[in-house]
Amino acid sequence: MNPRTRAQEVAPFFDGSRLALARHLAGKRKSELAIKIHRSPSAVTAWEAGTKQPTAANIAELAIGLNVDPWFFAVRGEDVTAINVAPHFRSLRSTSQVLRDQALAYGQIVVDIASAIEVHAEFPSPQVPEFHVEPGDTVGPDSAARYVREAWDLDPGPAGHQVRLLENHGVLVVFSPPGAAAIDAYSFAAAGRPTVVLNPIKKDYYRQRFDVAHELGHLVMHGEAEPGTKAIEDQAHRFASEFLLPAEEVHDLLPTAMGRSAWTTLFRLKEQWGVSVSALLFRARQLGRLSDVSYRNAMVRMSQQGWRRDEPGAIASIEQPSLMPRALELLDSVGITTGELIAQCRIPSHLFEAVTSRTPIVHAAGSAAVSDGGSNAEPADGHQNAKSSVVSLLRPSNPTTGDLAHPRE
Amino acid sequence: MSERERILGVLGQTGVLAGIRWAYESAARRTREDYDEATGHNATWVGINRWNLLCDRLDRVFSCGRYATRDNSSGTVGLDVLYATLTDEERATFPHIPPGTVVRDDLAGSPGWSNGDVRWLLASADFGGVDQIRWSRRSRVKQRTAKQSDPDNDQLSILDVLMDDPGAAKLPVALEHASEFDITTLVVTHTHNIDTNDRELYLGLPSMETQGKAWAWKENLLAVPPADGGRQNLPATDPDSPANVPDAPVRLRTPAEQAAPRTILDAPRAAEGL
């Protein structure tokens, strides 16, 4: 069946919020989409707001312009994709609104897929303790971390596999898809299912574990906090430090001066606790074991050795999620195929695969050369002409393997 | 081929010029974004901030300083560190230049970078004032930089001086100054009008103003092609799970449980499809 025929079928069920979701996944502003389909921005606004209904021809143009099946725009029985809380993005200033919208839309897709799977399979119920910490509270994060360790009945010592720990307590952990690698890890709680989205370009086992603990800190402490502020991010960092390196247990293990034996100690602690030497040094200073001067000198040494960017460590692979890939294996064993779930969610298959993969999918994606302009730049003032560098998540990174989601084909 | 053409050719082919341009544009953008007069920022703040950020961005692009990689490491390691706080556009256009192409090469405390036999230092200036820089009022190292001979033009004039200058006895001192750098040392000069966002970026060989001009030659780096960037081809991460931790528990629902309505109520078409 061709797209135009499907568009005619979808027209009575058209839902503007689904159009907005698709546009955000595509990383497009309304004006960009309007240009692409030769309509006015106000028409796109009206369709998304539901004040006007697009014709079947409009729907076909939108589907082609955004690279989705027309059925993507159909109303859902229940809006499971709504995320009513703002996700915790770390670098709000360096993350454009388009990219934030795209990341949020991806989160909505994650929750949607999880809900589709949960019709057939049961995940661990969410058990993320709440421990509200006021902005500016520098002690609260430590208490929150200890509270979670106790609530989750963790033994003293290293906190183990962070991703699995969260999954065992009902938190979805997924990787960002190819093309969205520009954003740090982020987290949100939606439809009763807390979710952590990891940055696929972070290939360091030790730093990734810290990221996971950092996001857990947001989920525990910052349900109602203003996301992205420095105070909030500092608190999540403090939480992760205490969660992975409890002061009571590591204080006496950390070095007090940076001689040769101190480095040996740090690299041994790194492997024991699964935390980078950078984080251990920071913790040593935080707990008053290292002076500011010793810490600074140690960081200079880290830079000279190339360790700040590429720290040596025994474990080369990162922690991987299991909830959704394991569920798909189970469902497949009883005849419920991935194709059926993709059809139900009405999303492109490559996006489904990114959400449900155990490993991050990272490879080449298109980029836009940006001429930022300036007085002696040629051409002048490239700001106005700069193309968006946000890659559409609705287009497969490898066009030979991706496709549209066709519910019946 | 003149020495100027040779230098620009080498730096262009290795991506160094585009890297400097990217670094400058990123530093200027962030400085302007952070600038807030009402907070108390002033021209001094702008100058210091842009300087610090430019050093940081150059270190990122060339894998120097805190962004250095270990020996033989690929340029794609630690991309999360390399990309920290950059905008999505900056990440998308980040010029990936193999580590080791450029090394940090400070000169008498002045931040510098070098590629082969060419080093460059940094010098800020007021917008529109690049040609009026008076090197004699700059730091000692900049003064020495401006005293270097210009291989494309200076040889004859030195000989002329030898022939004509009755005080030629002073020439050895001048020649010593002119040749005391181990390698050719250029200057990247940068300006930015924070109000209008007008910007300038040049690479050049400075000359003392006593010769009537501030530059033996200079090249407009905002006219060179911008970095084409592009995200890296990154290998998939090793699929082996650390410590072989078992999967999280997932259980198939019974038919009765599946029949109970949950959260998915699909539109007619999708239900039909399934």
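# Close-up views of a predicted two-chain model

**View 1. Helix α10 of chain A leads the lining of the largest pocket.** Helix α10(A) gives six residues to the lining of the largest pocket, and that is the largest share. Keep in mind as you explore that this structure is a predicted model. The pocket has a volume of about 1400 Å³. How many residues line the largest pocket? There are 35 of them, and those nearest the centre are A:Arg90, A:His237, B:Arg66, B:Ala84 and B:Thr85. Both chains supply elements with two or more lining residues: from chain A come α9 (205-221), α10 (230-244), α13 (277-286) and α14 (292-304), and from chain B come α3 (43-61) and α4 (79-83). Sorted by class, the lining has 15 charged residues, 10 polar residues and 10 nonpolar residues.

**View 2. A:Ser278 sits in helix α13 of chain A.** Helix α13(A) is also one of the elements that give two or more residues to the pocket lining in View 1. Which residues does A:Ser278 touch, leaving aside those up to four places away in sequence? Look for A:Met299, A:Met302 and A:Glu311. To get a feel for distance, try finding A:Glu340 as well: A:Ser278 and A:Glu340 are 62 residues apart in sequence, and their C-alpha atoms are 46 Å apart in space.

**View 3. Helices α6 and α15 of chain A pack against each other.** Here you can follow α6 (residues 97-118) and α15 (residues 323-333), whose axes are 11 Å apart and meet at an angle of about 35°. The crossing of α6(A) with α15(A) is left-handed. Which residues meet where these helices pack? On the α6(A) side they are A:Val110, A:Ile113, A:Ala114 and A:Ile117, and on the α15(A) side they are A:Met324, A:Ala327, A:Leu328 and A:Leu331. Eight residues of this contact are nonpolar, with no polar and no charged ones.

**View 4. Confidence varies along chain B.** The mean pLDDT of chain B is 81, with 77% of its residues at 70 or more. Where in chain B is confidence highest, and where is it lowest? Strand β2 (residues 112-115) of chain B has the highest mean, 97, while helix α10 (residues 268-273) of chain B has the lowest, 33. Over residues 263-274 of chain B the pLDDT is below 50, and the model gives this stretch 32 contacts beyond near neighbours in sequence. Residues 230-241 of chain B also stay under 50, with 41 contacts beyond four places in sequence.

**View 5. Chain A has low-confidence stretches too.** Chain A averages a pLDDT of 85, and 85% of its residues score at least 70. Even so, pLDDT stays under 50 over residues 364-375 of chain A, a stretch with 43 contacts beyond four places in sequence. Residues 377-387 of chain A stay under 50 as well, and they have 18 such contacts. For the complex, the predictor gives an ipTM of 0.75 and a pTM of 0.78.

Key:
Residues numbered from 1 in each chain as written. Chains lettered and ligands numbered in written order. Predicted model: local features only at pLDDT ≥ 70, side-chain atom pairs only at ≥ 80, totals over all residues. Heavy atoms only, no water. pLDDT = per-residue confidence, 0-100. Helix = DSSP H or I, 4+ residues; strand = E, 2+ residues; numbered from the N terminus. Contact = heavy atoms within 4.5 Å. Axes fitted to C-alpha atoms, helices over the stretch in contact; angles between N-to-C directions. Left-handed = near helix turned anticlockwise from the far one by under 90°. Nonpolar A, V, L, I, M, F, W, Y, C, P; charged D, E, K, R; others polar. 1 Å grid on protein atoms, 1.4 Å probe; cavity = no way out; pocket = protein on both sides within 12 Å on 5 of 7 lines; lining within 4 Å. Points joined across faces, edges and corners; volume = space filled by probe spheres on them.
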